[in-house]
Structures are given as C-alpha cells and as structure tokens.
Amino acid sequence: MNKGELILKLLDCRDFRRIKDVLKEMNFADIALLFNEIPLEDIPLIFRVLPKDTASDVFAELDNDIREYLIKSFSDDELKEVLDLLFVDDTVDIIEEMPASVAKRILKHTDAKTRKQINEILKYPEDSAGSIMTTEFVSLKKDMDVYDAFLKIKATGIDKETIYTLYVTDSKKKLIGLVSTKDLLLSDMEDKIEDIMETNIIYANTLEDREEVVKLFHKYDLLAVPVVDNEKRLIGIITVDDVIDVIVEEDTEDFEKMAAMTPSEDTYFKTSVFTHAKKRFGWLLFLMLSATFTQTIITHYELAFAVVPILASFIPMISDTGGNCGSQSATMVIRGMSLDEIKPKDVLKVVKKESAISIMVGVVLSLVNGLRIILTYHNITLAVVLGLTLICTVFMSKILGCILPILAKIIKVDPAVMASPLISTVVDACSLIIYFRIAMSILHI
C-alpha cells in the first residue's frame, strides 16, 4: 500500500495522529502531490495537522484550485500564519493566479512591509526578470568584517530565501560586489568584506526578459542572480528554483506552439474540453484551409495522373518526407537560437550547413527508395523520377526549415511557430510542384 492509499484509509478512520506521523516522513513536494489524490473537502483537515514550516512549503507547491479552496476555508489567523512563513516571490505567484477577491484577502493579511514588496514585484511586466525575483536576500557593506557578516546572517538569514550568496552594496544600495558563505567560512574573522568580495558580477536588469535570465544561469552555472534597476541599485535576486519554473513554462509553451496549438496556462486535466478545443481550432482551421492550396496543385497536374496513374500513390511519401525534413531543421535551429548558439547573422552559415546535410540525406533516401521501386515495379525511369524528387524535396525542405525560424526571429515573431505544421504546409505545396515538374519532364507528359 502506497502512502496515498494509506492516508485515504486513515482518513476514513479519522485517525489524524497516524496521518501526522506518516506526513512527517514525507518531503513537502510529495505531500503537495498527495493532496491531488485527497477529496477536496478533506484537504483542510490534512493541512492543519502539518507542522507550520512544512505547511508553508506545501502550500507554495499546491495546484491553484487547491490553494484557492484552502484560502477560502482558512480563518484570518490561519491565513496570516501561512503567509508569514511564505517567501515574497511565492506569495506574488499565488496572488497572480488567484481571483481578485482571494488576492485582496491575501494582501489584507500581509504586513505592511511585505505588502510593499509584493506591490513592487507586481508592477513589473509578466515576462520580466522583476516579475520572478524575490526581495528577500542578505546584503552586506564593504567595510564590514567577516565576524559582522556572520552576525547579520544569523540575525536575518532565517527569513531570507538563500544565504549561500551574499550581496555587497554601497550607501545608495548600488551593487558593488558579492561574496559566498563558503568565502566567509574560509576567511579570518577580521578580514574585510571589501578584500574578499567578487567584483566581476553577473546580474540582470529588472526589465530584462526572463528567458535571458535563464541563459545567464545556464551559461555561468549560477545558483542565484542579483537583479538591479537602471541605476544599478540592488532590487532583488532570482534563485535557481524560480528559473526551473520558467524553463518548464517556456518549454511547455514552445511545445504547444510547435504542435500548432495556442499555449494554455493550465495543466491538461485542469483545462476544460471547451478551452482545449478553442485553443486548437484556430490552427486546425488554418491548416485545413491551406491544404486546399495543395489540392489545387494536384488538380492542376491531373493530366500526369491520367497518363501515369501510379504517380498518385507516391504523393504521401513525398509530402511526409519533406515535412519531416523541414521540421527537423527548424527544431535544431530553434534550439540553437534558444541557447544563443545561432544568431540571425549566422543565416548563411546555417544554410551552408543544412545544404550539405540535405544533399547527404537526400542521396541516401533516393538510393534506398530507388532500389525499392526497381525491385517492386521493375521501372528504372520511375525510380529516377522519385530519386530526383526526393533529393530536391529534402534540399528545399531543410533550407526552408532553417531560414523560416531565423526570419521569424528577425521580424520578432516566436520562432516556435515556424516549427509547427506551418512548415509542413509550405513544404507540401513546394514538394508536389517539384514532383510533378520532374515527372512530366522525364516521362514527357
């Protein structure tokens, strides 16, 4: 019996003492997942048996609908107790996801200092560094010695999100350096912070796109990044756990766009059937109507079918191969751009590389398919037609697949859109024109 089943069984018996013992042995993230299996009306009962510190950690990890239900079931004192233990950035995330009435109640039960910090973060654009930062960090002065630094950490560190990296500011709160707890531990108590601090600082601006912040963490292997305003005053920090959340959200959004869907802000099961349909309908309608262009091309070349009927049977193979090749190139280029490996100025280098790849791939595919046709249909001419078609189609598809995402980046459109069936639609039309032109030329139709 797993712990979820055990908790449910103990719930039926109303054995809350045993439930408390079981929950003590679990990680807060696992408890948050467990809450998804518990009937909604029993969740407040389970939540109330958790230790205070664990309860706040669990609360920050819960799904929005469960959090909303809990907030509505809390007394004012219970709500204030939970909010007092939450980090400011977690409180901001919760407020942004809650209905206005619930958000107002949360703000009402936070102290004036926290409310000011929350409002400061909420004023930043949704996808900016400022929107995901926390204002709870430890700052030091350069004229402090290590002993004074430890005193400050002990006095204030318990309320901060991290004490592994400490930031040094001047009298105007401008960021001038940073020092790690490891540096402090390995230094003499009399050493000045100014002498051991690092001045080559990697930082983000409050209005910088959060995807750029993710790149900083990836490039420099950071655990936290300080966030400054235009005057380089230290406003907050972004920790690695918040960056992981951004990565998950951005990757999910890109996957949905690449699958020709409007991105959803909620999980699969928590999104209604109507919302799912609405988010998929637009792209599907566009792709369906764009397919009529392909139909027009086929109709235009219907004479070729009349003379050589077997040509029609190879249309799906040509179209699918072209679409797959285009999607491969687009995906690789988009990934390269997201990692800053590929930039718009590299378009010619990318085209050159994809051209070489397409020729190698096209030749191999055409040889394999040509051999299949000769063995199956004993028709060398047909094998030549399809061989040349595959080489040209693969080349065209891969060039389009690498150019379109770069073009999207230049005109400031999300490149992920270009890796959707949109590429397949363009490739389908072009590959059919190539196919029929080659067939009619070689077969003298």
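The exercises below concern a predicted model and come with worked solutions.

**Exercise 1. Aromatic pairs**

Task: Find how many aromatic pairs the whole structure holds, and classify the pair formed by F47 and F59.

Solution:
- Step 1. Searching the whole structure gives 6 aromatic pairs.
- Step 2. For F47 and F59, the centre-to-centre distance is 6.1 Å and the angle between the planes is 70°.
- Step 3. Planes over 60 degrees apart count as edge-to-face, and the pair of F47 and F59 is edge-to-face.
- Step 4. F47 belongs to helix α4 (residues 43-48) and F59 to helix α5 (residues 52-61); they are 12 residues apart, and the pair links distant parts of the chain.

**Exercise 2. Burial of the two rings**

Task: Decide whether F47 and F59 are buried or exposed.

Solution:
- Step 1. Buried means under 20% relative accessible area.
- Step 2. F47 has a relative accessible area of 5%, so F47 is buried.
- Step 3. F59 counts as buried because its relative accessibility is 1%.

**Exercise 3. A second pair of F59**

Task: Classify the pair of F59 and F74, then state which residues form one aromatic cluster.

Solution:
- Step 1. The ring centres of F59 and F74 lie 6.2 Å apart, with the planes at 35°, so this pair is tilted.
- Step 2. F59 lies in helix α5, whereas F74 lies in the loop between α6 (64-73) and α7 (76-85); the two are 15 residues apart, and this pair also links distant parts of the chain.
- Step 3. Both F59 and F74 are buried.
- Step 4. One aromatic cluster is formed by F47, F59 and F74.

**Exercise 4. Positive phi outside glycine**

Task: Locate R14 and D221, and assign each an exposure class.

Solution:
- Step 1. R14, a residue other than glycine, has a positive phi near 55°.
- Step 2. R14 sits in the loop between α1 (3-13) and α2 (16-24).
- Step 3. R14 counts as partly exposed because its relative accessibility is 43%.
- Step 4. D221 is not a glycine either, and its phi is positive at about 55°.
- Step 5. D221 sits in the loop between α15 and β5 (224-228).
- Step 6. Exposed means over 50%; D221, at 69% relative accessibility, therefore counts as exposed.

**Exercise 5. A charged patch**

Task: Name the residues of the positive surface patch and place K219 in its helix.

Solution:
- Step 1. The positive patch consists of K219, K343, K345, K349, K409 and K412.
- Step 2. K219 is part of helix α15 (residues 210-220).
- Step 3. K219 has 61% relative accessibility and so counts as exposed.

Notes. Residues are numbered from 1 along each chain as its sequence is written. This is a predicted model: local features need pLDDT of at least 70, side-chain atom pairs count only at pLDDT 80 or more; totals for chains, interfaces and linings use all residues. Side-chain values use heavy atoms; hydrogens and water are left out. Patches are made of residues with over 30% relative accessible area and no salt bridge: like charges are joined within 9 Å, nonpolar side chains (Val, Leu, Ile, Met, Phe, Trp, Tyr) within 5 Å. Accessible areas come from the Shrake-Rupley method with a 1.4 Å probe; for residues, only the protein chains shown count as cover. A salt bridge is a side-chain nitrogen of Lys or Arg within 4 Å of a carboxyl oxygen of Asp or Glu. Lys and Arg count as positive and Asp and Glu as negative; His and the chain ends are not counted. The place of a charge is taken as NZ of Lys, CZ of Arg, CG of Asp or CD of Glu. Helices (H or I, at least four residues) and strands (E, at least two) are DSSP runs, numbered from the N terminus. Buried means under 20% relative accessible area, exposed over 50%, partly exposed in between (1.4 Å probe, protein chains only). Rings of Phe, Tyr and Trp (its six-membered ring) pair if their centres lie within 6.5 Å; planes under 30 degrees apart count as stacked, over 60 as edge-to-face and the rest as tilted.
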